[in-house]
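Biologist: I'd like to go through this one label by label. For each, tell me the value and the cut-off behind it.

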Amino acid sequence: MKIAMIGTGYVGLVSGVCFSDFGHEVICVDKDPRKIEMLERGEIPIYEPGLDTLLAKNVAAGRLSFTGDLKAAVDGADAVFIAVGTPTRRGDGHADLTYVMAAAEEIAEAMTGYTVVVTKSTVPVGTNKAVHDVISRVRPGFAFDVASNPEFLREGAAIDDFMRPDRVVVGVTSEQARRVMGDIYRPLFLREFPILYTDLETAEMIKYAANAFLATKITFINEIARLCEKVGADVKQVSRGMGLDNRIGNKFLHAGPGYGGSCFPKDTQALARMGQDHAAPMQIVETVIKVNDEVKRRMIEKIVDLCGGSVNGKTIAVLGVTFKPNTDDMRDAPSLTIVPALVGAGANVRAVDPQGEREGAHLLPHVHWLSDAYGAADKADCVVILTEWNEFRALDLQKLAASMAVPRMADLRNIYNAQDAKAAGFAAYTSVGR
C-alpha cells in the first residue's frame, strides 16, 4: 500500500514509521521545512524510545520518506492519513479543527484516483462527515471515502502500543474503505489483534470516551488519596486492593499531582463541550476537569506546608517536569502549575529532567537547570519529585539528605516512604495519600 501521512507530530510520525515497518510505502508530509530536514538527517524532533532506530531502518529499506510537497505525496496514494494537531480552542474548550479542514482541502485538490482519507487526529463526533463534505465540495463527483482511525498511543511506549495494540478502531462507511483499511492493518489482523469496525461517529466517540474514563480513574484515586490523608489510610494499599478486582484493574490508579499531557486535558474539555452543545451534559467529566485542577493546586500547598508555611527565599529542587517519564512532552504537565507558583512565592527553583529542559527552558522562566538530582539538591531546602523517571526511583537518599541545607522531601509520586526517608536523614517527608 502507498500511504501519505499528513503531519509529523507525535501521532503522525510514530504512525508513519510503524506503517512503513509493516511493509507499506509511507511518505510523511509536514509544512515545516526544518522538520523535514531534521527527519531526512535521521534526527527525531520528539523524544520517543526506539523511534530513531525504527525510522533509520525503514528509510534505509526505501519504505519511508519525508517531504513538504503534499501534492506529490498524495498522488497515487491508497490512503491519506490526517494527523495534524487539534488543540483546545481558546475561550470555549472546543477542539480547534482549523488544521484538519485545511488538510482536507489540500488532499482533495491533490487526489489523483480513489483514495481513503483517514482521520488519525482526535476530533469531535461529526468531524469525519465534515471532512467528507469539504472534499466533496472541492472535488464534486470524485471517488473517495473517509475513515476514522483514532490512535491509542501512550507516550514513552508508543511503538509497542502500535505494534501490539489492545485494539484497532476503524470507522468506515463503505465496503471498499473497509478493504483498504484491512489491507493496511493486515499484519496486525494476521497476528489476531482485535480490529473493531464501526461507523464514523462511533469510532470518534470511542476515543473520547476511553480517554475521559482513564482521566476519571486518575482523578478518582487522587480524591481517595486526599481522604486517605485525613483518615490515616494508605492510598497505595487502597489502589492495590482496588486494582486486584478484575472489574476495575490496576492501571491508572496511581495517586499523584494530577494528569497532564497532550490528550487527557484537551479531550476531556472537548467532550465536556460536546455534551453542552448537544444538551447532554458530561457532568462526571466536567467534575474530573475541576478536581484535576484542584489536585495540582493542592500539591503547591503540600510543598509550602513542608517548608514551614513559606517558600520565600528557599531553594527548591524539582526532580522531573515532563507530564510523565520517557517523554519530552510538557503539555499541561503539573509542573507548569506548580513550579511557577513556587517561583511566584519567592522560591529559588532548580530543575532536573532527562528530556524536559528543551521545552521547559521556555515554559518555565526563572528556573535554574541542572543535570542531576544531587547537584540540584545541594544546599537546597526541599526536594520535590514531580515525575517518576527511573533515575529518580533509586536515589541514594542518605547522600541526598546530607547535601541539603534542610533535608525535606515532597514525594508527589509516592516512590519512597516516610520510614526510609527518616532513616536516611530527612527531617521531613510528605507524599500523596499516605
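Modeller: Sure, let's start with a charged pair: the side chains of aspartate 378 and lysine 379 form a salt bridge, 3.6 Å from N to O. Keep in mind that the model is predicted.

Biologist: What makes the pair of aspartate 378 and lysine 379 a salt bridge?

Modeller: The rule asks for a Lys or Arg side-chain nitrogen within 4 Å of a carboxyl oxygen of Asp or Glu. Here the N to O distance is 3.6 Å, so the pair of aspartate 378 and lysine 379 qualifies.

Biologist: And which of these words fits lysine 379, buried or exposed?

Modeller: Exposed means over 50% relative accessible area. Lysine 379 has 55%, so the word is exposed. Aspartate 378 sits at 33%, and since partly exposed covers the range from 20% to 50%, that is its label.

Biologist: Which residues are joined into one network by salt bridges that share partners?

Modeller: Glu155, Asp329 and Arg331. The count of salt bridges by this rule comes to 21.

Biologist: How do you know that aspartate 21 and lysine 57 link distant parts of the chain?

Modeller: Aspartate 21 belongs to helix α1 (residues 10-21) and lysine 57 to helix α3 (residues 51-60), 36 residues apart. Their closest N and O atoms are 2.9 Å apart, which is within 4 Å, so this is a salt bridge. Aspartate 21 is partly exposed at 23% relative accessibility, and lysine 57 gets that label at 46%.

Biologist: Why is α1 called mostly covered?

Modeller: Buried means under 20% relative accessible area, and 11 of the 12 residues of α1 are buried. Among them are Tyr10, Leu13, Val14, Val17, Cys18 and Phe19.

Biologist: How do you know that the length of α1 agrees with what a helix should span?

Modeller: At 1.5 Å a residue, the 12 residues should span 16 Å, and the end C-alpha atoms of α1 are 17 Å apart, which agrees. After α1 comes glycine 23, with a positive phi near 110°.

Biologist: What about the span of helix α5?

Modeller: Helix α5 (residues 98-110) reaches 19 Å from its first C-alpha to its last, close to the expected 18 Å. Its buried residues are Val100, Met101, Ala103, Ala104, Ile107, Ala108 and Ala110, and what covers them includes β1 (2-6), β5 (115-119) and α6 (127-138).

Biologist: On to the sheet. What makes β11 and β14 edge strands?

Modeller: The open sheet has 6 strands in the order β11-β10-β9-β12-β13-β14, with parallel pairing. β11 (368-369) and β14 (428-430) each have a single partner strand, so one side of each is left without a neighbour in the sheet.

Biologist: How do you know that β9 and β12 pair?

Modeller: Pairing takes at least two bridges, and 4 bridges join β9 (residues 315-319) to β12 (residues 382-385), so they pair, running parallel. Alanine 317 stands opposite valine 383 in β12.

Biologist: Last one: why is threonine 387 called buried?

Modeller: Its relative accessible area is 1%, and the cut-off is under 20%, so threonine 387 is buried. Threonine 387 lies in the loop between β12 and α17 (397-403). A polar atom of its side chain is 2.7 Å from the backbone oxygen of threonine 322. Beyond its neighbours within four places in sequence, threonine 387 is in contact with residues including Leu319, Pro325, Asp353, Phe392 and Arg413.

Key:
Residues numbered from 1 in each chain as written. Predicted model: local features only at pLDDT ≥ 70, side-chain atom pairs only at ≥ 80, totals over all residues. Heavy atoms only, no water. Helix = DSSP H or I, 4+ residues; strand = E, 2+ residues; numbered from the N terminus. Buried < 20%, exposed > 50% of the residue type's maximum accessible area, 1.4 Å probe, protein only. Expected span 1.5 Å × (residues − 1). Contact = heavy atoms within 4.5 Å. Polar contact = N/O pair within 3.5 Å; in protein donor to acceptor, adjacent residues only side chain to side chain.
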